[in-house]
Every structure is written in structure tokens, then in C-alpha cells.
Amino acid sequence: MEFRRRVLASAAAVCIFLAAGVLLSPYLAPYGTFIAEGGSPGMMDGWWRGHGAASIPYAIGDILCHQEPSRTFMLNGSHLPVCMRDTGMIFGAAIGFTACALSGRSSYPKPFAIVGVVLVLVMLAEWSIETTGFDSPVLRTASGACAGIGASLFLTWMLYREPDDQQCR
């Protein structure tokens, strides 16, 4: 398998692993164990400590996500490790990288990058609409999924693009 195909397959595997961790972690501890209090990205609040392997996804989520309870799905009586938008992004990236890895393509033309950027902009548009007061969990999750798919398309294009002869001079 060529190097770029291995990188793509690895990105898909990592995203699938993250998606599984997000969904399974609430079930690795007793019902209702992880009730998020909200926080700030980049700051560890530590409310998740003391629950073994189940705590790992929550520790990662604590660093990367605000974990606001009203914007986070619940499973098994516990909040997921990341908010709805981040959950959508993780699943979108898993879908996008997996689709690209399984496509068997040997090149990805510039339209892949353009579609990827447009899909990421969908999330920006949703965020802008949200600031006006309209708030929809379904829209937030879907825009995150669009951004995850878009990012995977753009990064796949970056991985496979050939340097432009004009830019190399």
C-alpha cells in the first residue's frame, strides 16, 4: 500500500476510534456517572476523574470542548465527552476519511478541496445563525458533521495534490 493511502487509512482509523470512544465511554461507568458541569476549552476542570478507562475520553473532551450540558447529548444517564457540534465533527471526519480511503482513487482534483471548504463554511454559517438566538441541536450536530466531512475532503486533497509547476519555480 502506498504511503498516502496508509496515511488516509490511518486517519480513518483514528477518527473511527474517537467516534467509538465518544459513544462507548458513557457505558464504561455506572449510569449517570458523567454529568458535565460545563467548562472552558483548553482548561482541565477534572470533574471526570476517578473512573478508570472511562475517564480518558472525558479528559480529552475537557481539554478540547466546552462540554456545556445543554449542548451535549446524553447516553446511559451521562453526558458525552464532547458537545453536539464536536460529536458531529468527529463522526463526519470518520465518514469522510473512511469514504476517501475506500474509494480507491489515486488522485483528488481541486473540486474536492472546494467542496471541503464549503462544507466547513456550513458550520460557520450555522454558528452565525446561532448567535442571533435561533438554536437547534439537530442543526448544530449536522453542521458539525458537514465540517468533519469537509475537513477530511480538504485534508485528503492536500495529501494527494501534486505541486503546481508554476508555484515551484
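**Exercise 1. The salt-bridge network**

Task: In this predicted model, find which residues are linked in a network of salt bridges, and trace the contacts through E130.

Solution:

Step 1. List the members. The network of salt bridges links E68, R71, R85, E126, E130, D135 and R140. The count of salt bridges comes to eight.

Step 2. Start at E68. The side chain of E68 meets that of R71 in a salt bridge, at 3.8 Å from N to O. The cut-off is 4 Å, so this pair qualifies. E68 is partly exposed, with a relative accessible area of 34%.

Step 3. Move on from R71. Its side chain also forms a salt bridge with E130, at 2.6 Å from N to O. R71 sits in the loop between α2 and β1 (74-75), while E130 belongs to helix α4 (residues 110-130), so the pair ties together parts that are 59 residues apart in sequence.

Step 4. Continue from E130. This residue is buried, with a relative accessible area of 12%. The side chains of E130 and R85 meet in a salt bridge of 2.7 Å, N to O. Here helix α4 supplies E130 and helix α3 supplies R85, so the pair ties together parts that are 45 residues apart in sequence.

Step 5. Check the burial of this pair. Both E130 and R85 are buried.

**Exercise 2. The largest pocket**

Task: Work out how much space lies in the largest pocket, and which element gives the largest share of its lining.

Solution:

Step 1. Take the volume. The largest pocket holds about 430 Å³ of space.

Step 2. Take the lining. It has 20 residues, and L18, V22, P57, I60 and I90 are the closest to the pocket centre.

Step 3. Assign elements. Two or more lining residues come from each of α1 (3-24), α2 (55-64) and α3 (84-103). The largest share, six residues, is from α1.

Step 4. Sort by class. The lining has 16 nonpolar residues, three polar and one charged.

**Exercise 3. The cysteines**

Task: Determine how many disulfides the whole structure has, and how far the nearest cysteine sulfur is from C83 and from C100.

Solution:

Step 1. Search the whole structure. The search finds zero disulfides.

Step 2. Look at C83. Its nearest cysteine sulfur belongs to C65, 3.6 Å away, and C83 is in no disulfide. The cut-off is 2.5 Å, so a sulfur at that distance does not count. C83 is buried, at 3% relative accessibility.

Step 3. Look at C100. For this residue the nearest cysteine sulfur is that of C15, at 11 Å, and C100 is in no disulfide. C100 also counts as buried, at 4% relative accessibility.

**Exercise 4. The two sides of α2**

Task: Decide which residues of α2 are buried and which are exposed on the other side.

Solution:

Step 1. Collect the buried set. In α2 these include S55, Y58, A59, G61 and D62.

Step 2. Place them around the axis. They cover an arc of only 165 degrees, which puts them on the same side of α2.

Step 3. Turn to the other side of α2. There, I56 and L64 are exposed.

**Exercise 5. A loop residue**

Task: Locate E37 and state whether it is buried or exposed.

Solution:

Step 1. Place the residue. E37 lies in the loop between α1 and α2.

Step 2. Read its accessibility. E37 has a relative accessible area of 67% and is therefore exposed.

Step 3. Relate E37 to V138. They are 101 residues apart in sequence, and their C-alpha atoms are 22 Å apart in space.

Methods
Residues numbered from 1 in each chain as written. Predicted model: local features only at pLDDT ≥ 70, side-chain atom pairs only at ≥ 80, totals over all residues. Heavy atoms only, no water. 1 Å grid on protein atoms, 1.4 Å probe; cavity = no way out; pocket = protein on both sides within 12 Å on 5 of 7 lines; lining within 4 Å. Points joined across faces, edges and corners; volume = space filled by probe spheres on them. Helix = DSSP H or I, 4+ residues; strand = E, 2+ residues; numbered from the N terminus. Nonpolar A, V, L, I, M, F, W, Y, C, P; charged D, E, K, R; others polar. Buried < 20%, exposed > 50% of the residue type's maximum accessible area, 1.4 Å probe, protein only. Arc of directions from axis to C-beta.
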